[in-house]
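The exercises below concern a single protein chain and the ligand bound to it. Each task is followed by a solution in steps, to be read beside the sequence and the structure.

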Amino acid sequence: MAKNQKIILSGDRPTGRLHVGHYAGSLKRRVELQNSGEYDKIFIMIADAQALTDNADQPSKIRENIMEVALDYLSIGIDPAKSTMFVQSHISELTELSFYYMNLVTVSRLQRNPTVKAEIQMRNFETSIPVGFFTYPISQAADITAFHATTVPVGEDQAPMLEQTREIVHKFNSVYGETLTEPQILLPDNQACLRLPGTDGKAKMSKSLGNCIYLSDSEEDVRQKVMSMFTDPDHIRVQDPGKLEGNTVFTYLDAFSRKEHFAEYLPEYADLDELKAHYQRGGLGDVKVKKFLNSVMQEELSPIRSRRAEYEKNIEQVYEILRDGSSTAKETAAKTLEEVRHAMKIDYFQDPAFLEEQKRFQDSKEE
Ligand code: TRP
């Protein structure tokens with residue numbers, strides 16, 4: 001086991017292109033952590049096996065989105081020289097780990113996982129939950145521990161998974177001896193990034209609701225989505241006082257705007273507090289705020305867009321990055337699996353002591 005190393009693991013299900021909710025909630029942080037130079041190893045996983053747990057009948061959808069997500073990662077600045085990008089299903093060791101961890105988790109504990117609960121409701125799975133889906137928190141514990149991850153930068157919805165992973169680590173280590181590393185969750189410290197709403201103001205950004213701004217959206221798409229964003233429905237005339245609460249445009253400004261943006265695009269306000277105060281007082285129209293938000297979003301997204309365009313022209317290179325990353329990840333996971341099998345005393349053919357023990361035991365029977 002790698003002692004005292006700082007190791008990151010995180011990932012996303014490839015059920016569609018990644019959007020600004022993913023970006024604010026976790027992706028941006030991953031790039032910052034990568035570039036901080038403080039981490040010994042960074043693993044970024046495309047969780048296709050997990051995506052199949054509730055999309056078993058849609059293999060083409062998952063297949064199509066592998067490269068889309070890889071392109072999203074590269075375009076935000078995940079650097080293959082610093083981070084290992086890989087595909088989950090390629091690492092069969094994760095499945096084996098999951099199977100052993102299943103012995104350490106009860107059905108009732110899984111039933112209490114609030115994220116799984118909410119997902120079951122959302123997908124109308126109540127009467128027919130696929131077993132694989134039900135147990136995905138266990139497989140997520142395998143993902144994290146296979147790499148001895150110390151730090152898992154994710155969105156708030158993943159907190160129950162981390163809690164469950166930590167429980168599995170404790171249980172495993174107490175039953176089989178110190179083997180696995182206990183991970184810490186790393187949430188965004190900006191409240192607005194913790195839960196970025198959809199452009200329609202609904203709490204969750206989701207493809208089926210059509211309320212996402214994708215990292216790969218064109219400039220014009222972003223502009224249109226921002227200009228039609230949900231604001232304060234009671235703010236009808238410019239002179240009316242406006243509400244900030246539930247006002248998506250301001251939530252996005254909380255998440256993405258910085259002081260420098262004001263100097264550049266809206267110099268009549270020093271910062272977001274001044275803009276908010278004016279809005280609440282009345283006399284500030286939604287269109288003006290939306291135009292400002294559009295400038296902020298374009299500034300954030302345009303380098304991502306152009307990097308994506310470069311990689312799209314070099315898709316073979318992206319393919320190789322994923323393939324090589326998956327081989328590297330597999331080696332790491334295989335090492336952990338060896339440690340796990342040793343701790344669980346099932347390493348019969350790797351451990352020369354096994355045969356010796358057996359010889360002694362059988363001999364002792366004859367006496
Ligand atoms: N559950 C995550 C999502 O829905 C994806 C994921 C799978 C993950 N395994 C992980 C995230 C391990 C962090 C660590 O996007």
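**Exercise 1. Determine whether Lys-345 is buried or exposed, and describe its backbone.**

Step 1. In this predicted model, the relative accessible area of Lys-345 is 66%. Exposed means over 50%, so Lys-345 is exposed.

Step 2. Lys-345 belongs to the loop that joins α16 to α17 (352–366).

Step 3. The phi angle of Lys-345 is positive, about 60°, although the residue is not a glycine. Most residues other than glycine have a negative phi.

**Exercise 2. Determine where His-148 lies and whether it is buried or exposed.**

Step 1. His-148 is located in the loop between α8 (136–145) and β4 (151–153).

Step 2. The relative accessibility of His-148 is 6%. Buried means under 20%, so His-148 counts as buried.

Step 3. His-148 has a phi near 50°, a positive value in a residue other than glycine.

**Exercise 3. Identify the polar partners of the Thr-145 side chain.**

Step 1. Thr-145 is part of helix α8, and with a relative accessibility of 1% it counts as buried.

Step 2. One partner is a side chain: Thr-145 makes a polar contact with the side chain of Tyr-101, at 2.8 Å.

Step 3. Another partner is a backbone atom, since the side chain of Thr-145 reaches the backbone oxygen of Ala-141 at 2.7 Å.

**Exercise 4. Identify the residues closest to the ligand and give the polar distances for Gln-140, Asp-143 and Gln-158.**

Step 1. The ligand is surrounded by 14 residues, the closest being Arg-13, Gln-50, Gln-140, Asp-143 and Gln-158.

Step 2. For Gln-140, an N or O atom of the side chain is 3.1 Å from a nitrogen atom of the ligand.

Step 3. For Asp-143, the distance from a polar side-chain atom to a nitrogen atom of the ligand is 2.7 Å.

Step 4. For Gln-158, an N or O atom of the side chain is 3.0 Å from a nitrogen atom of the ligand.

**Exercise 5. Describe the second largest pocket by its volume and its lining.**

Step 1. The volume of the second largest pocket is about 350 Å³.

Step 2. Its lining has 13 residues, and Ile-66, Met-67, Val-87, Tyr-319 and Leu-322 lie nearest the centre of the pocket.

Step 3. At least two lining residues come from each of α2 (48–52), α3 (59–76) and α16 (315–343). The most is given by α3, with 5 residues.

Step 4. Sorted by class, the lining of this pocket comprises 8 nonpolar, 2 polar and 3 charged residues.

**Exercise 6. Explain why Cys-193 forms no disulfide with Cys-212.**

Step 1. A disulfide is a covalent bond between the sulfur atoms of two cysteines. The cut-off applied is a pair of cysteine sulfur atoms within 2.5 Å.

Step 2. The cysteine sulfur closest to that of Cys-193 belongs to Cys-212 and is 16 Å away, which is too far for a bond. Cys-212, whose nearest cysteine sulfur is that of Cys-193, is likewise in no disulfide.

Step 3. By this rule the count is 0 disulfides.

Step 4. Cys-193 counts as buried at 11% relative accessibility, and Cys-212 counts as buried at 3%.

**Exercise 7. Locate Ala-56 and Arg-112, and give for each a C-alpha separation from a residue elsewhere in the chain.**

Step 1. Ala-56 is in the loop between α2 and α3. Its relative accessibility is 63%, so Ala-56 counts as exposed.

Step 2. Between the C-alpha atoms of Ala-56 and Tyr-252 there are 34 Å, the two residues being 196 residues apart along the chain.

Step 3. Arg-112 occupies the loop between α5 (107–111) and α6 (114–122). With a relative accessible area of 53%, Arg-112 is exposed.

Step 4. Gly-285 is 173 residues from Arg-112 along the chain, and their C-alpha atoms are 45 Å apart.

**Exercise 8. State the secondary structure, the dimensions and the buried share of the chain.**

Step 1. The chain has 17 helices and 5 strands.

Step 2. The C-alpha trace spans about 100 × 45 × 40 Å along its principal axes.

Step 3. Of the 367 residues, 50% count as buried.

Note on methods. Residues numbered from 1 in each chain as written. Predicted model: local features only at pLDDT ≥ 70, side-chain atom pairs only at ≥ 80, totals over all residues. Heavy atoms only, no water. 1 Å grid on protein atoms, 1.4 Å probe; cavity = no way out; pocket = protein on both sides within 12 Å on 5 of 7 lines; lining within 4 Å. Points joined across faces, edges and corners; volume = space filled by probe spheres on them. Helix = DSSP H or I, 4+ residues; strand = E, 2+ residues; numbered from the N terminus. Nonpolar A, V, L, I, M, F, W, Y, C, P; charged D, E, K, R; others polar. Buried < 20%, exposed > 50% of the residue type's maximum accessible area, 1.4 Å probe, protein only. Near = heavy atom within 4 Å. Polar contact = N/O pair within 3.5 Å; in protein donor to acceptor, adjacent residues only side chain to side chain.
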